[in-house]
Amino acid sequence: MKITVIGGGPGGLYFSILTKKAIPDCQIDIYERNKSDDSFGFGVVFSDETLGEFLTRDTQSYELIRSKFAYWDDIVVARDGQNVSVSGNGFCGCSRKTLLQLLQQRCTEEGVNLHFEQNITDLSQFKDSDIIVACDGIGSVVRTQFASDFETKIVLQKNRFVWLGSTKPLDAFTYFFRTTPFGTFVAHTYQYEAGMSTWIFECSDETWKKAGFEVENEASTVQKIAEIFKEELDGHPLITNKSHWRQFPQVTNGKWHKDNIVLLGDAKATAHYSIGSGTKLAMECAIALSDAVVANQNDSTAAFEQYEKSRRNRVEMIQHAANVSLDWFEHMDRHAQHNFMQFAFGCMTRSKKVTFENLAIRDASFPEKVLTEFNAKIEDSNPKTPAAFTPFQLREMVLQNRIVMAPMGQYSAENGLVNDWHFSHYTSRALGGIGLILTEMTAVSETGRITLGCAGIYNQEQITNWKKTIDFIHQHSQTKIGIQLGHSGPKGAVKKPWEASNEPVDKPWELIAASPIPFNQKMAIPKEMSSGDMNKIVSEFVQAAKNANEAGFDMIELQAHHGFLLASFLSPLTNIRTDEFGGSIENRLKFPLRVFTEMRNVFPENKPMSVRISASDWAENGITETDVIAVCEAFKNAGADIINVSTGNTVVNQMPQVGRMWQTPFSDAVRNTVHIPTITTGYIQDIDQINTILLNGRADLVALGRPLLIDPNFVRNAQAYEQFKPTDIPKQYMAGTSHLYPLKASERKMTEGMKKALKPESHKNN
C-alpha cells in the first residue's frame, strides 16, 4: 500500500506513525510546504482524556510529549483585577514546534518518509498512491481544488483575534478579561514550556475598530495590547510570529472523501480555540482514520466510510459546542454587566457541556461562591438554597420556585370546554410543586382554535370549567397559574397531532393572517386581515383577558410565537404587507402591540402579563436579533413583565440547531439587552441544567415541557435530589418524604461516584 500525506502537521504525522506501526510494509510519504523547524503559533493544548488516548495508541510519542509539556489543574477567570480559580480540570500545554519535532522523530523511527519545503499543488504526480490524505490546513489547496465535491463551506466568525506569545510564567490556564473605553478584551493564556506562554487576544469587531488596530501592523498591535494588559503581563514582553489579526474560519465539509482523497485536520473541520485545540481534534481524527485504513487495507472507500461514520457526529458535536462557546465570547460586553462570580460562572459554563454539578465535582468551592452571590440578591434567602428553588416575583404574584410548566396542547377539549382530563393534568402538576403553570394555548374565539380539541375561554361555560381547576390549585397548593391566550391564524383548523401533522380538518373554517401565505401546501391560503378583522380580533383578545381574570388566573401570557396569528405579523417571512402593518419592524409590531396594550388596560394592574415570542425563524431572511430586541423593548414599554423566549415553527422549511438547552442564548440576549425578566425553554431535562441556566443569568424562569408530560412529580423528585425541604408538600403526602429523600440522596451519591470514577486519570509528571 502506498499512502501520500499532504501536510506535515500533527494530524498527518500522527496518522502516519500509527498506520506505519500497524502496516510496516506500507510506504508513507509526507509532503510539508514549510521547513522542518518552522512553526506558526506557539502552544497547543491537550486534556487528560486525550493524553490517555495517546498512551494507549503509541507509548513512545506519549512519553516524548509528556516529557516536554507544562501541566496545570486549574482554570482561572480574571476580570479587571478580580479573579477566581477552579481546580480539577487537567490539561497540558506543549510547544507546537516541539510537538512537531517529536512527532517527526517518531515518523523517522517508524520508517515514514518526510519531505519538507514541498508545496504540493498538483496531485497528478501521486496517481500511483492508494490513498492521499489531505491535511494541509485551514486553507487546504487540495480541498479548495475539489471544493464542490467535498461540499466545503467556510464561514468567518465575527470576533477578531491575534495569536501572540510571552515570557510571562503562568501556573494555570487563565482567561484575562479587561474592560476598556473601546469595549471588552479577553486573553486566552496558558504556559506551554518553561519561560513561554501562549496569549490569544480576542475582541469584537466593533471594539477592534474603535481601538484602531490594523490587521498586519504587529508593532502597533503589541504596543496597544501590552498597554491594555500591562498588569497581567507584569513587565514581560509580547512575542510575535506572523501575528496578524484574523477572524476565525469555521470550516465544514459535507463529504470527507473523494475517490482516493480523504480530508484530515483543519482541512476537514475547524473548532474555535475557546473550547480546546484544533491540534487535539486533528490527532483524534488521525487515530480514527488510521484505524479505518488498517481495518480496510484493500478497500479505501470502505476505510473512508468507516472513518467518517466513526467521527462525523463527534466532530459536529465539538463544532456545535465550539460555536456556542464562541457566541459567549462574541457577547462579552453584554456579559460584563454581571457581578464577577456570575460572569466567571458564565465563562466556565458557556458551551453548555459544563454545568453547576460538573464544577462541584471538580472544585466545590467555586460553585458554592456563585450560589452564595446569587442568593445574596434575594431577600431572606439561605445562601445554600438551590437557584431553582428561590422565589421570584412579578408584580404582586410571588412564585415559590423558578420552574414553569410550559404550555403544552392537550387537544382534549370539546367545543372549547376543558374537562376532567385538564383538571387532572393541571392539578397533578400543581400538587407536584411547580412554581408556575402556563396553560396550553387557549383560543379567544371558536375560529381561533388550532384543532377541534383546543381549549377556549370565549363563553361563560368555558370560564366556569376553568374556574373549577384554578380554585383547586389555589386551595391545595402554592402554585400560580397563568393562561396563554392566542389565535391560531394561518395554522388553524388542523387535525389533532396524533391524527395527522398539520393537515386540515374535514370542514375547515376560514383562516386569517398578516399575509395570504399558507403554512404548508396542504393548508388553505389565509385571508389577509383587514382593519375590520383587526378590530374584531382585538375585541376578542380583550374579552378573553376579562374572562381570564373572572376565572381566577394569576397571569396572562400572550401568544405571539410559532407562526400563529400575532406572530405572523412579526416575521418578515409571513408578513409581506405593503400598508402600515408591513415592512419595518416598527410597522410589523403595530397590531400585536395594540392587542397587548388593550389587554393590559383591562387586566388588573397587580397581575403580571407575559408575551411569548419566536426569537429566530431558523430560516434565511427571517426575523433578526435587532428585530427581536425591538419587539421586546416595545412590549416591555407597553407593560409586559416577562418575555417567554422561544424560537422557530414560523415556516415549514426551518433548520433549527437543536441540542441541550438550545434556546437559552436567545433568552440571554433578550434578558441582558432589554433588561426584562425572561423564561427559557428547549431540551432542558434536569435540575442541574435548570440551576446552571439561572446562575449564569440566561433566564429568570425555566419552563419544562416534555419532562413534565411524563412526570408530574418532576419538581418533588428534584427537591429530594437537592435535599431541599419545601413548605408546600400537602400534609396528606408528607409521609412519603421519609422514603423519597433518602432514596434520591443515595442515587445522587452513586451518580457522583460514577462521574468521579469516569474522570480521566491525571497525566501530571510527579
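Begin with the aromatic rings: a search of the whole structure, which is a predicted model, finds 35 aromatic pairs. Select W72 and F173 as an example, and the viewer should show a tilted pair whose centres are 6.0 Å apart and whose planes make an angle of 40 degrees. W72 belongs to strand β4 (residues 70-72) and F173 to strand β11, so this pair ties together parts of the chain that are 101 residues apart in sequence. Both W72 and F173 are buried.

Now move to another pair, F569 and F591, where the ring centres are 5.0 Å apart and the planes stand at 45 degrees, so the pair is again described as tilted. F569 is in helix α19 (residues 565-570) and F591 in helix α20 (residues 585-602), with the two positions 22 residues apart in sequence. F569 is buried at a relative accessible area of 0%, and F591 is likewise buried at 0%.

Return to W72 and widen the selection to Y175, F177, Y190, W328, F329 and F343 together with F173, for these eight form one aromatic cluster.

**Strand β5 and its partners**

Next, select strand β5 (residues 75-79), in which 5 of the 5 residues are buried, so the strand is largely enclosed by the rest of the structure. If the side chains are displayed, I75, V77 and R79 are found on one side and V76 and A78 on the other, and both of these faces are covered. On adding strand β6 (residues 82-86), one finds that β5 and β6 pair in the antiparallel sense over 5 bridges, with N83 as the bridge partner of A78. The hairpin that these two strands make has 2 residues between them, and D80 takes a positive phi near 50 degrees there. Strand β11 (residues 173-180) is also joined to β5 by 5 bridges, but here the strands run parallel; R79 of β5 has F177 of β11 as its bridge partner.

**The nonpolar cores**

F177 leads on to the largest nonpolar core, which has 114 residues and in which F177, F366, I457, F591, I643 and I690 have the most contacts. Helix α18 gives the most to this core, with 9 residues. A second core, separate from that one, has 50 residues, and V44, A269, L281 and V293 are among them. To look at one well-connected position of the largest core, select I643, which, leaving out residues up to four places away in sequence, touches V611, I613, C632, F635, V670, I676, P677, T678 and I679.

**Helix α17**

Select residues 460-476 for helix α17, whose 17 residues reach 25 Å from the first C-alpha to the last, close to the 24 Å expected at 1.5 Å a residue. At the N-terminal end of α17, N459 acts as a cap, with a side-chain oxygen 3.2 Å from the backbone nitrogen of E461. Within the helix, Q462, I463, W466, T469, I470 and I473 are buried, and the elements against which the buried residues of α17 pack are α16 (420-431), β21 (436-438), β22 (442-443), β23 (480-486) and α18 (531-551).

**Three single residues**

Which side chain is joined to that of E232 by a polar contact of 2.8 Å? Select E232 in helix α9 (residues 230-233), and the partner turns out to be R178. E232 counts as buried because its relative accessibility is 9%. Not counting residues up to four places away in sequence, E232 touches K168, F176, R178 and W199.

V651 comes next, in the loop between β28 (642-646) and α22 (664-674). V651 is buried, with a relative accessible area of 15%, and, neighbours within four places in sequence aside, is in contact with F519, L573, T574, D617 and A619. From V651 to F343, which is 308 residues away along the chain, the C-alpha separation is 36 Å.

The tour ends at E722, which is found in the loop between α25 (714-721) and α26 (737-758) and counts as buried at 18% relative accessibility. Residues up to four places away in sequence aside, E722 touches P386, F389, I687, N691 and R748. Select Q27 as well, and E722 and Q27 prove to be 59 Å apart in space, C-alpha to C-alpha, and 695 residues apart in sequence.

Note on methods
Residues numbered from 1 in each chain as written. Predicted model: local features only at pLDDT ≥ 70, side-chain atom pairs only at ≥ 80, totals over all residues. Heavy atoms only, no water. Helix = DSSP H or I, 4+ residues; strand = E, 2+ residues; numbered from the N terminus. Expected span 1.5 Å × (residues − 1). Buried < 20%, exposed > 50% of the residue type's maximum accessible area, 1.4 Å probe, protein only. Contact = heavy atoms within 4.5 Å. Polar contact = N/O pair within 3.5 Å; in protein donor to acceptor, adjacent residues only side chain to side chain. Core = buried A, V, L, I, M, F, W, Y, C linked by side-chain atoms within 4.5 Å. Pairing = 2+ DSSP bridges. Phe/Tyr/Trp six-rings, centres within 6.5 Å; stacked < 30°, edge-to-face > 60°.
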